[in-house]
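Student: I have not met this structure before. Please take me through it one question at a time.

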Amino acid sequence: MSQLPSQCCATGSLHTGTPSGRISKVHGLDCYIAEPSSGSAPKGVVVILPDAFGWTLPNSRILADGYAKKGGFLVLLPEFMNGHGLPADVLRSFEALTAPGLVANVKKVYHLLYMLTFFLPFLFFMRDSVARPRIFNFFRALRLAEAKDLPLGCAGFCWGGYWVMQLCADKTDVVDCGFTAHPSFLSVPKDIEAVVKPVSVAAALDDHQLPRDKMEVAKDILMAKSKKGDVEHEFVVYEGAKHGFAVRANEDDKEEARRGKEAEEQAINWFSRCFDAVRR
C-alpha cells in the first residue's frame with residue numbers, strides 16, 4: 001500500500017443529497033445504518049467497506065441508503081478506520097494538483113503535503129495486521145446477531161475492495177457473497193485465486209489500481225471458476241470509467257454519473273440473487 005494519494009482514492013467528487021439513515025454503535029463500532037422502507041423486513045444484511053474516505057463521506061452514506069431502499073437490505077457502514085479515514089476536502093486538494101499555471105504550481109506543494117498528512121497515517125494505522133481482526137471480528141459478531149437468520153454480504157470500494165476479496169476467501173462462511181468496484185491493493189492472481197464465495201466485480205477500464213493486464217487476469221480466473229460450476233462470479237468492465245466511479249462519479253458528467261448508477265444496480269441485483277440462493 002505504498003501508492004501516493006493521487007494514485008489511490010483522492011480522485012472524484014462529493015455528491016449532493018442528504019443521507020437519511022441513522023448512526024448507532026454496532027458491536028463496538030460507530031456505524032451508519034440504512035434500513036429498508038418502513039415496515040419491510042430486510043432480505044439480508046450488506047456491510048459496506050468504504051474507500052479511504054471512510055464512513056463519513058456523504059457519497060458512501062447516500063449509496064448505503066440506495067442499497068437499503070432499492071434492494072430491501074439492512075445496510076451497515078461501520079467505522080473500520082478508527083478515525084484515520086481521509087477528510088473529504090482531500091478531494092479538493094487533488095483537484096488543485098491538476099490545475100495549470102505558475103501560481104497553481106506553487107500551491108501544489110502545499111496541497112501535496114496536506115494530502116500526505118492524512119494518507120501516510122492511513123497507510124500505517126490501516127495496515128493489514130491492524131485492520132484484519134477489526135473487520136473479521138465485526139462480521140463474525142454479525143453472524144451471531146443481525147445476520148443470524150439472514151444472508152450476509154459485503155460491498156467494498158477501493159481500499160474496501162481488497163477486504164471484500166479477503167472476506168470472500170475465508171472458508172468459515174464469514175460472508176455469503178461480495179461485491180466490489182474498482183478494488184485497490186490486490187495481489188493478482190493470488191487474491192483472486194483464493195476466492196471461494198460468489199463475487200461480483202465492477203471494474204473501470206482506466207484504473208491504475210487494477211490495470212488492464214491484471215484486470216484481464218482477474219476476470220479470466222473468476223470466469224473460469226464460474227464455468228466449472230463451483231461458485232458463480234460476475235465481472236463487468238465499464239468502458240470509459242476511471243478509478244472511483246462507483247462512489248465518487250462527477251454528477252455533472254452524465255456519462256460518468258450513468259456508469260456510477262449502473263454499478264449501484266449491479267450490486268443490488270447481485271445481492272438480491274445471492275441472498276435468494278442462500279434462502280433457498
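Student: What does R143 count as by its relative accessibility?
Tutor: A residue is buried under 20% relative accessible area, exposed over 50%, and partly exposed in between (1.4 Å probe, protein chains only). R143 has 21% relative accessibility, so the class of R143 is partly exposed.

Student: What kind of model is this?
Tutor: Residues are numbered from 1 along each chain as its sequence is written, and side-chain values use heavy atoms, leaving out hydrogens and water. Local features need pLDDT of at least 70, side-chain atom pairs count only at pLDDT 80 or more, and totals for chains, interfaces and linings use all residues, since the model is predicted.

Student: How many salt bridges does a search of the whole structure find?
Tutor: A salt bridge is a side-chain nitrogen of Lys or Arg within 4 Å of a carboxyl oxygen of Asp or Glu. With the whole structure searched, the number found is 14.

Student: Which residue forms a salt bridge with R132?
Tutor: Helices (H or I, at least four residues) and strands (E, at least two) are DSSP runs, numbered from the N terminus. The partner of R132 lies four residues away in helix 4 (residues 128–143), so about one helical turn separates the two. The closest N and O atoms are 2.8 Å apart, and the partner is D128.

Student: How many residues apart in sequence are the parts that R143 and D176 tie together?
Tutor: R143 forms a salt bridge with D176, with 3.0 Å between the closest N and O atoms. R143 belongs to helix 4 and D176 to the loop between helix 5 (159–168) and strand 6 (177–183), so the pair links parts whose separation in residues is 33.

Student: Which strand holds K242?
Tutor: K242 forms a salt bridge with D206, the closest N and O atoms being 2.8 Å apart. D206 lies in strand 7 (residues 199–206), and the pair ties together parts that are 36 residues apart in sequence because K242 lies in strand 8.

Student: In what order do the strands of the open sheet stand?
Tutor: Two strands pair if DSSP finds at least two bridges between them. The open sheet has eight strands with mixed pairing, in the order 1-2-4-3-5-6-7-8.

Student: Which strands stand at the edges?
Tutor: An edge strand here has a single partner strand, so one side of it is left without a neighbour in the sheet. The edges are held by strand 1 (22–26) and strand 8.

Student: In which sense do strand 3 and strand 5 pair?
Tutor: Strands of a sheet pair through backbone hydrogen bonds, either parallel or antiparallel. In this pairing, I48 stands opposite A155 in strand 5. Strand 3 (residues 45–49) and strand 5 share five bridges, and the sense is parallel.

Student: Which residue in strand 6 is the bridge partner of A155?
Tutor: Strand 5 also pairs with strand 6 in the parallel sense, over six bridges. In strand 6, A155 is matched with F179.

Student: How many residues of strand 5 are buried?
Tutor: Strand 5 covers residues 152–158 and is mostly covered. Of its seven residues, the number buried is seven.

Student: Which hand does the β-α-β unit of strand 5, helix 5 and strand 6 have?
Tutor: A crossover is right-handed if, with the strands pointing away from the viewer, the path from the first strand over the helix to the second runs clockwise. The unit made by strand 5, helix 5 and strand 6 is right-handed.

Student: How many residues has the largest nonpolar core?
Tutor: A nonpolar core is a set of buried Ala, Val, Leu, Ile, Met, Phe, Trp, Tyr and Cys residues joined through side-chain atoms within 4.5 Å. Among the residues with the most contacts inside the largest core are I135, F157 and F179. The residue count of this core is 88.

Student: Which residues is D207 in contact with, leaving aside neighbours within four places in sequence?
Tutor: D207 lies in the loop between strand 7 and helix 7 (212–228), and D207 is buried at a relative accessible area of 4%. Contact means heavy atoms within 4.5 Å. With those neighbours left aside, D207 is in contact with H182 and H243.
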